[in-house]
Amino acid sequence: MSGGICVSNMNGRTRKKQYDFLCKRDGEYCKMCGKLPWEGQLVIDHIDNDNSNNSLNNLQILCRGCNYVKNPRKGPLDMCVSSNTKDSLVINRSKEPKFREYVYMELDAKGVLVYDDIINSGAEIIEVSPETTKRYIRKMCSKQGKLEIFMDWDGASLVYSKRVKSIRYKQKEISFE
Ligand SMILES: [Zn+2]
């Protein structure tokens, strides 16, 4: 699914070995937000933020977004070990994870988002065009993505007769209560 690349100053082979070890030990996803390899770039994070402490107990896998939030001083390009295969545009690398973080944050806070709202507010906050955020959302709502588009009642309108295009986390099973 993803090819390994390494841009750290550490030996790439060693880094890849550590990454494989962590995948086996903890699973290949972000320990903070649960992002999977095809949903964003995963990196090796130093839990104590000390880059010289390479003890395996001090290492964990995070997505770049969470890694950056946890320790901004390191910069986003530190220790990338996995990347989306075709997603090679540099601009995507920096903007898309930020947008995803934003969407997940909003979703966690609100549960459901109105499609047009998130396209527009996302574009404003991440400083890309709405066409670009639409593209990001499409990926997040793809088969492999975590989100889905559905028609929800328009909570903003006074009369609850209108449905608007909305986004939520994919519903796993329909439960009958
Ligand atoms: Zn994350």
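**Exercise 1. The whole chain**

What percentage of the 177 residues in the protein do buried residues make up? Then list the elements in order.

*Solution.* The model is predicted. Step one: buried residues account for 25% of the 177 residues. Step two: count the elements. The protein has 5 helices and 7 strands. Step three: read along the sequence. The pattern is β-α-β-β-α-β-α-β-α-α-β-β. Step four: turn to contacts between residues at least 6 apart in sequence. Of these, 56% join residues at least 24 apart.

**Exercise 2. Helix 1**

Check the span of helix 1, then find which residues are buried and which are exposed.

*Solution.* Start with the span. Helix 1 covers residues 12-26, which is 15 residues. At 1.5 Å a residue, helix 1 should span 21 Å. The end C-alpha atoms of helix 1 are 21 Å apart, which agrees.

Now the buried side. Arg15, Tyr19 and Leu22 are buried in helix 1. Seen down the axis, these buried residues fall within an arc of 65 degrees, so they line one face of helix 1. A general rule fits here. An α-helix has 3.6 residues a turn, so residues three or four places apart point the same way.

Next, the partners. The buried residues of helix 1 pack against strand 2 (42-46) and strand 3 (59-63).

Last, the face turned away from the buried side. It carries exposed Arg13, Thr14, Lys17, Lys24 and Arg25. Gly27 follows helix 1, and its phi is positive, near 95 degrees.

**Exercise 3. Helix 4**

Repeat the check for helix 4, and say what follows the helix.

*Solution.* Helix 4 runs over residues 115-126, 12 residues in total. The expected span is 16 Å, and the end C-alpha atoms lie 16 Å apart, which agrees.

Look at the buried residues. They are Ile118, Ile119, Gly122 and Ile126. These cover an arc of only 105 degrees around the axis, which puts them on the same side of helix 4. On the other side, Asp116 and Glu124 are exposed.

Glu127 comes after helix 4. Exercise 5 returns to Glu127.

**Exercise 4. Helix 5**

Which residues of helix 5 are buried, and which are exposed on the other side?

*Solution.* First, the buried set: Thr133, Tyr136, Ile137 and Met140. Seen down the axis of helix 5, they fall within an arc of 100 degrees, so they line one face of the helix. Then the other side: Glu131 and Arg138 are exposed there.

**Exercise 5. Positive phi outside glycine**

Locate Asn49 and Glu127, and decide for each: buried or exposed?

*Solution.* Take Asn49 first. Phi of Asn49 is near 65 degrees, a positive value in a residue other than glycine. Asn49 sits in the loop between strand 2 and strand 3. Asn49 has 12 C-beta neighbours inside 10 Å. A residue with 12 or fewer is exposed, so Asn49 counts as exposed.

Now Glu127. Glu127 is not a glycine, yet it has a positive phi of about 65 degrees. Its place is the loop between helix 4 and helix 5 (130-140). Glu127 is exposed, with 10 other C-beta atoms within 10 Å.

**Exercise 6. The open sheet**

What is the strand order in the open sheet of 3 strands, and which strands stand at the edges?

*Solution.* The order is 5-7-6, with antiparallel pairing. Strand 5 (113-114) and strand 6 (147-153) stand at the edges. Each has a single partner strand, so one side of each is left without a neighbour in the sheet.

Now the pairing of strand 6. It is joined by 7 bridges to strand 7 (residues 163-169), and the two run antiparallel. Leu147 stands opposite Tyr169 in strand 7.

Finish with Met151, a residue of strand 6. Met151 counts as exposed, with 11 C-beta neighbours inside 10 Å. Leaving aside neighbours within four places in sequence, Met151 contacts Arg163, Lys165 and Ser166. Met151 and Ser166 are 15 residues apart in sequence, and their C-alpha atoms are 5.7 Å apart in space.

**Exercise 7. Val69**

Where is Val69, and how far apart in space are Val69 and Lys98?

*Solution.* Val69 is in helix 2 (residues 64-70). Val69 has 14 other C-beta atoms within 10 Å and is partly exposed. Val69 and Lys98 are 29 residues apart in sequence. In space they are 9.9 Å apart, C-alpha to C-alpha.

Note on methods:
Residues are numbered from 1 along each chain as its sequence is written. This is a predicted model: local features need pLDDT of at least 70, side-chain atom pairs count only at pLDDT 80 or more; totals for chains, interfaces and linings use all residues. Helices (H or I, at least four residues) and strands (E, at least two) are DSSP runs, numbered from the N terminus. The expected span of a helix is 1.5 Å times one less than its number of residues. A residue is buried if 20 or more other C-beta atoms lie within 10 Å of its own, exposed if 12 or fewer, and partly exposed in between; C-beta atoms are placed from the backbone. The arc is that of the directions from the helix axis to the C-beta atoms. Two residues are in contact if their C-beta atoms, placed from the backbone, lie within 7 Å. Two strands pair if DSSP finds at least two bridges between them.
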